[in-house]
Structures are given as C-alpha cells and as structure tokens.
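This report goes through a few local features of one model, beginning with a pair of helices and ending with a loop. Please keep the sequence and the structure in view while reading.

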Amino acid sequence: MKKKLLDVKNLHVHFKTYAGIVQAVRGVNFELYEGETLAIVGESGSGKSVTSNALMKLIPQPPGIYAGGEIHFNGKSLISLSEKEMLAIRGNEMAMIFQDPMTALNPTMRIGKQITEVLLKHKKADSKEAAKRRAIELLDQVGIPFPEKRYKTYPHELSGGMRQRVVIAIALAADPKLLIADEPTTALDVTIQAQILELMKEIQKSSNTSIIFITHDLGVVANVADRVAVMYAGQIVEYGTVEDIFYDPKHPYTWGLLGSMPDLNNSSDELLRAIPGSPPNLINPPIGCAFAPRNELALAIDFEEEPPMFQVSETHFAKTWLQHPNAPHIPIPEVVARRIASSRGGEA
Amino acid sequence: MRKKILEVKNLIQHFGSAKEPIKAVDGISFDVFEGETLGLVGESGCGKSTTGRSIMRLYDITEGEILFNGKNVNSYTSRKDSMQFHREMQMIFQDPYASLNPRMTAGEIIAEGFDIHGLYKNKKERQQKIGELLESVGLNREHANRYAHEFSGGQRQRIGIARALSLNPSFIIADEPISALDVSIQAQVVNLLKQLQKERGLTYLFIAHDLSMVKYISDRIAVMYRGKILELGLADEIYNNPIHPYTKSLLSAVPQPNPEYERKRVRIPYKHEETPANAEVIEARHDHFVLATKEQLSKWL
Ligand SMILES: Nc1ncnc2c1ncn2[C@@H]1O[C@H](COP(=O)(O)OP(=O)(O)OP(=O)(O)O)[C@@H](O)[C@H]1O
Ligand SMILES: Nc1ncnc2c1ncn2[C@@H]1O[C@H](COP(=O)(O)OP(=O)(O)OP(=O)(O)O)[C@@H](O)[C@H]1O
Ligand SMILES: [Mg+2]
Ligand SMILES: [Mg+2]
C-alpha cells in the first residue's frame, strides 16, 4: 500500500480587497501519495496557484485568509504550524517552482550563489567546494549551456526560459519529498521542456518524490500525470486518473477544455472552439454550478443548487448534476468525442 | 504581389563586452508581408525576444537594417515619426508580471497609450473604450479598477494584450502572448487575434514555443536556434516536411494530449552542430528555406 503524503480537506482561501472578499479557493479536497504526480489544470484565475501557495503556507496575510479546511502533510497539520515551523519544512521537505521566475530569484545575487545557499542551508553539501560542484551539476542537468560560465551571471542576464531553469535547479537542490511546480515549463521551448520533464521523472523515481504539477498544457499533463484535478472557480470539478480525464471526461468544463485545443490534423481556417463567456466573479460566486452560465448544456437545477462530487468509478469523480441517476442523458459533444477517438486511434 | 511591411536585413544584436559578446541575434534576415502572421519558434534563449525588442527599437542594434513600411526604423529623426512608429507597432510582452506596473489599475494600464497620444479627451468615451478592450480579451468592465497585482497570471497577460490593442496598431509583435493562459482562453485570444487580423488587416510576428498553436495561427514559420534562423517556410510545410535536424527534433518533442501516446513517445535528440561558415540560405523546396551547406542539405533531404 502506498503511503499518503498529503491530504487536503475542504480548503478555503479568501482575499480581502477593496471591492470585497475574493473567495479564491472554495472547498478543495484531494490527496497525494508518495511517488505520485497530480496535475492541476483549469481556467486561468480558478485558484490553482492560490491552492499550491496555501500548501506551502505562502498566502500573504493580509490580504489572504485561511478561511477553513485542513492540510495534512507527512503527519503534520500545516494550518496550525507557526511560520518558524513552516520555515523548516519549506524548501526542504516541500519545495516549489513558481510560475513567475523573477519573484523566486534574488536579482542582486549571482545564480550560482543562490543554489549553493540552498544546498548549504539544508545540509545537502558539506563544504563550499562541494556545493559549488553540485550547483554546476544541477545547472547542467536543467540544460543550461556552459554552466561554469553561467554560474557567475545575474538573473537579468538570462532569457526567460533560462531563468526558469535556474529556479528549477534551486527547487531540486534540496531533494524535497513534495515538489510543487506551478507552470514550471510554460516559459520553455518543447525540447528543454521534454528534458526537464524527464529530469523530474528521474528524480521522482530515485527519491520517490511526490509532485503537484500545475499547467495549461494538456500535452504536458498527458505526459507527466498519474492523476488529474480539473479546477473551475475555486473548486475541483473533476478528478481522476489521467486516462479517466482524457478518455472518459464527464464534466462539461473538461469537455470545453479538451475541445478548445487546436487539432493538428485540421485546417486552420475554422476558429477554435473557445468556451464562451468569462469566468464568474469570485466576490459573488454564482449560486448553483459555477460553470452553468457558460455551459450550453446546463440543466435547470444547475442554476439553483450546487452539485455534489459524484463518484463515477473507483478512481473518477465529477461535480456535475449530469452524474445524478435521474439526470437526462447528455452525450459528450461531438468535437470532443471525435478528438478522443482520433487520439486513441494512435495518430494523435 | 504582396506588400512587405517589415524587412529585417542581416540583423545582429550582441550584448556584453565587444571582446566576449553574447551573440543573442547573429545575422538574421526575413520579411513579413502585410496581413500575414509569421511564427517565430526556437529554443529558449535563442534570441526570439531580442529579435522582437530590436525591431521595437528597444535596443541600439549592433548591425543590420530594419525597414518598416520601407523606412529604416533607426533613421527616424523627428519625434513625430517616432510617435507614429510606436502607434503602428506594438508589442505584447512575454512576462506578464514584469511588464505591468503593480501599482496601476488595469484601466490605467490600458489607457496609458491613449493618454500619451492624447486620444479620447472625453472621460466617458475613454471609460467606454477601456471597457470594450477589457471585454475583447475576455475580462469584464469591473476589472478596470483592480490593481495589476490582484490578477492571476493569465488575467495579467490579457491586460497586456488589451494595452497592445489600445492604439489600433497595424503590426503587433506578440512575444509568447498565450503561454500563460489556459487552453480555453488561449483559444479565445487566438480567435480574437485572428478576427482582428481579418477585420483590420493586422500583421503579426508571433513568438511562441507551443508549436501546435503556432502552426494553427501562422501562415509561415521561422525556426531560430542560437541567434540564427535555420529554417523558414509555410506553416504546414515546416510542420509536415521539416528539413533541418533541429526542426525535426523540436517537432518530435511536442507533447500530445494523449496519455497512451505520451508513454510511448520517442523524441529525436538534437546534437549541436556549429553552422559552417559557408552555409547559406537555400530554397530547398518551393518557398521553404534552410540555412545549410550544399553537403548538409543533400544529407538531410
Ligand atoms: N493577492 C490577491 N489579492 C486579491 N485577489 C487575489 C490575490 N491573489 C489571487 N487573487 C485572486 O484569486 C483567484 C485565483 O488566483 P490564482 O492565481 O490561484 O489563479 P490560477 O488558477 O493560478 O490562474 P493562472 O492560470 O492564470 O495562473 C483569482 O481570481 C485572483 O484574481
Ligand atoms: N539585456 C541583456 N544583457 C545580456 N544578455 C542578454 C540580454 N538580453 C538577452 N540576453 C541574452 O541573449 C540571449 C537571447 O535572449 P532572448 O531573451 O532573446 O531569448 P528567447 O529566445 O526570447 O528565449 P526564451 O524563449 O527563453 O524567452 C540569451 O542568451 C540571453 O541570456
Ligand atoms: Mg497561477
Ligand atoms: Mg523570450
């Protein structure tokens, strides 16, 4: 039996703003086992970064508020830990690769020093020389050319993608149990991306690391994830194995996501199938299913009552009234069905 | 004959000391035709953003020529010419965090351009325009009064796009405009860019690394590697019949939204080769150019 490393229960995170209280995360539940990769996908602004920052207890307070729920990590309840106790965990047992490389790097410090600091602080190297050697090795592993030369450069002298690779090297330096990667490869070209994904998998295998991987790129999700959580308006709306989500999606929002991608086999003359409208205002989240106003297939009840999380199979869950035993049978939209069929046919 | 709106001739952009220069852009030439989208893809750090920024006149170029509507952009002498250039040519920046001032509201950021150029003197009209721009990028009017730091990454990028559109430019350099967005908003933004192109005949230089989206939006694609353009041709042609080993490697690494396929993926690695000094741009197939020596080309074809 695999060991549970992380258990998130009914997590709520709010922000106080002039306009009102933004309910950024509204009751998120998931668990993560050792050596497993969970991908979180979903609408921009749906709370993916806030959720992962909350796991690290990095929500600025104020304006942020942990408004409810629990986070159990490796036997500890994080919500009640003091900042001092969190400091011992952060960067050591759990490390994060941020969406924005510039906030993660110190602009006034050479990149090599930023890596050796982590190595020395968390006792991953016992001398300065050993730390330097390991730092250069890490830079090389994340695909920075001429690592000895680059060791001495400052962040602003690097391209966007190179900076992100430095951030990844820093996160890997501590050899964490849990690695939270918030769009780690968004700024990278596909070849470097593939190298980084391979590197992360190698490290996962050898150290049994658990990974939470946030990304917009469904191709990357298909590549890295064991399980996938789909977020919308501060909640997880569908949750399952990577096969459940790609081959048997149940939530209309997931259908919308899968349908929005360009189909490489099709001509570029037709417009892409974007989901119409914009996401709800999280200051006054809608009553009922948050996706209903944008869902062409919404039922009357979607506008009145929030659907519970229905269990579809042993591994698969979906928060949609369509899963209710009395719901009318609404088939998956044809574009999405075609997409799945053609990808299962092998020629992607 | 299609009109060349932008001509880049042997552009060189070096940084650092003259003794030990970082050759960010190392002699590239290409044309962009009016109303088309040229996709620029390539390895991280290969000089894509630098190319865009040099065209935008954000750097003093080391060597070469950049002609916009036939006129050398580095020869503008009057402030009027400069102002006109910056109205016509806009850039959407890669980094939505660094490129927006967190202490400004979304509305102020979007209106900055038209305030500088003195458009929309009437307050109501100005407000109306801000609202329209916000909605055109999938945000809503209420967002105008929120500060940049209160937005998520993808929301900030859309503010950047709205800002670029605010002056009705004819040419937009979009530096990874959608990589921070989720696929549905990507689709919205790409549809929006396509629609604007159709309506207003906009021209785009579209920098990105998501090859599936680049193929979708671009008429032609240029593949860049370590400061040089290695291959340039029609989007479908580059995608279906790549010639340069680097392009082949790049295409083999594009992840597909299909777990079974991903488990079996075989990537073609690329072993770095210096471009020989006698390499030249050869039209290997119709409208499909490769930087190579004759020997290399016959080996690759
Ligand atoms: N400091 C803050 N103050 C006010 N609102 C905030 C703050 N940080 C985040 N939010 C809001 O919380 C919501 C969730 O934001 P979050 O950054 O988690 O989105 P995301 O899913 O990571 O989006 P993206 O894919 O664009 O990165 C958004 O509506 C955002 O505007
Ligand atoms: N201001 C600068 N000073 C020194 N070197 C620079 C500067 N700007 C860019 N460079 C260097 O020039 C090269 C090209 O950088 P550029 O930002 O153009 O790459 P890019 O192709 O846009 O990469 P990415 O896909 O990662 O954004 C890199 O080696 C970078 O380190
Ligand atoms: Mg985010
Ligand atoms: Mg760039």
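In this predicted model, helix α4(A) passes helix α5(A) in a right-handed crossing. The first of these names stands for residues 111–121 of chain A, and the second for residues 128–141 of chain A. Two packed helices are described by the angle between their axes and by the distance between those axes. For α4(A) and α5(A), the angle is about 120° and the axes are 9 Å apart. An angle of about 120° makes α4(A) oblique to α5(A).

**The site of ligand 1**

Which chains supply the residues around ligand 1? They come from chains A and B, so the site is shared between chains. There are 21 residues around ligand 1, and those that come nearest are A:S44, A:G45, A:S49, A:V50 and B:G154. Sorted by class, this shell holds 12 polar, 5 charged and 4 nonpolar residues.

Three elements each supply at least two residues of the shell around ligand 1. Chain A provides two of these elements, β1 (4–17) and α1 (48–55), while chain B provides α5 (153–165).

Several polar atoms of chain A lie by oxygen atoms of ligand 1. A:S44 places a polar side-chain atom 2.7 Å from an oxygen atom of the ligand. For A:G47, a backbone N or O atom lies 3.0 Å from a ligand oxygen atom. At A:V50, a polar backbone atom is 2.8 Å from an oxygen atom of ligand 1. On its own, ligand 1 has 640 Å² of accessible area, and the protein covers 91% of this.

**The site of ligand 2**

Ligand 2 lies between chains A and B. Around ligand 2 there are 19 residues, of which A:E157, A:G161, B:G45, B:S49 and B:T50 come nearest. The shell has 9 polar, 5 nonpolar and 5 charged residues.

The table gives polar contacts to oxygen atoms of ligand 2.

| Residue | Atom of the residue | Distance to an oxygen atom of ligand 2 |
|---|---|---|
| A:E157 | backbone N or O atom | 2.7 Å |
| B:K48 | polar backbone atom | 2.8 Å |
| B:T50 | side-chain N or O atom | 2.5 Å |

How much of the accessible area that ligand 2 has on its own does the protein cover? The protein covers 86% of the 640 Å². The elements that give two or more residues to the shell around ligand 2 are α7 (160–173) of chain A together with β2 (22–33) and α1 (48–55) of chain B. The largest share of this shell, 3 residues, comes from α1(B).

**A loop in chain A**

Some backbone features are found in the loop between α1 and β4 of chain A. A:K57 lies in this loop. Although A:K57 is not a glycine, the residue has a positive phi of about 55°.

The loop between α1 and β4 (64–73) of chain A also contains A:P62, and A:P63 has its place there too. What kind of peptide bond joins A:Q61 and A:P62? The bond is cis, with omega at about -10°. A cis peptide bond also joins A:P62 and A:P63, where omega is about 5°. A:P62 therefore takes part in the bond to A:Q61 and in the bond to A:P63.

Notes
Residues are numbered from 1 along each chain as its sequence is written. Chains are lettered from A and ligands numbered from 1 in the order in which they are written. This is a predicted model: local features need pLDDT of at least 70, side-chain atom pairs count only at pLDDT 80 or more; totals for chains, interfaces and linings use all residues. Side-chain values use heavy atoms; hydrogens and water are left out. A residue is near a molecule or strand if one of its heavy atoms lies within 4 Å of it. A polar contact is a pair of N or O atoms within 3.5 Å; within protein, one must be able to donate a hydrogen and the other to accept it, and residues adjacent in sequence count only if both atoms are side-chain atoms. Accessible areas come from the Shrake-Rupley method with a 1.4 Å probe; for residues, only the protein chains shown count as cover. Helices (H or I, at least four residues) and strands (E, at least two) are DSSP runs, numbered from the N terminus. Ala, Val, Leu, Ile, Met, Phe, Trp, Tyr, Cys and Pro count as nonpolar, Asp, Glu, Lys and Arg as charged, and the others, Gly among them, as polar. Axes are lines fitted to C-alpha atoms, for helices over the stretch in contact, and angles run from 0 to 180 degrees between N-to-C directions. Angles under 35 degrees count as roughly parallel, over 145 as roughly antiparallel, 65 to 115 as roughly perpendicular and the rest as oblique. A crossing is left-handed if the near helix is turned anticlockwise from the far one by less than a right angle, and right-handed if clockwise.
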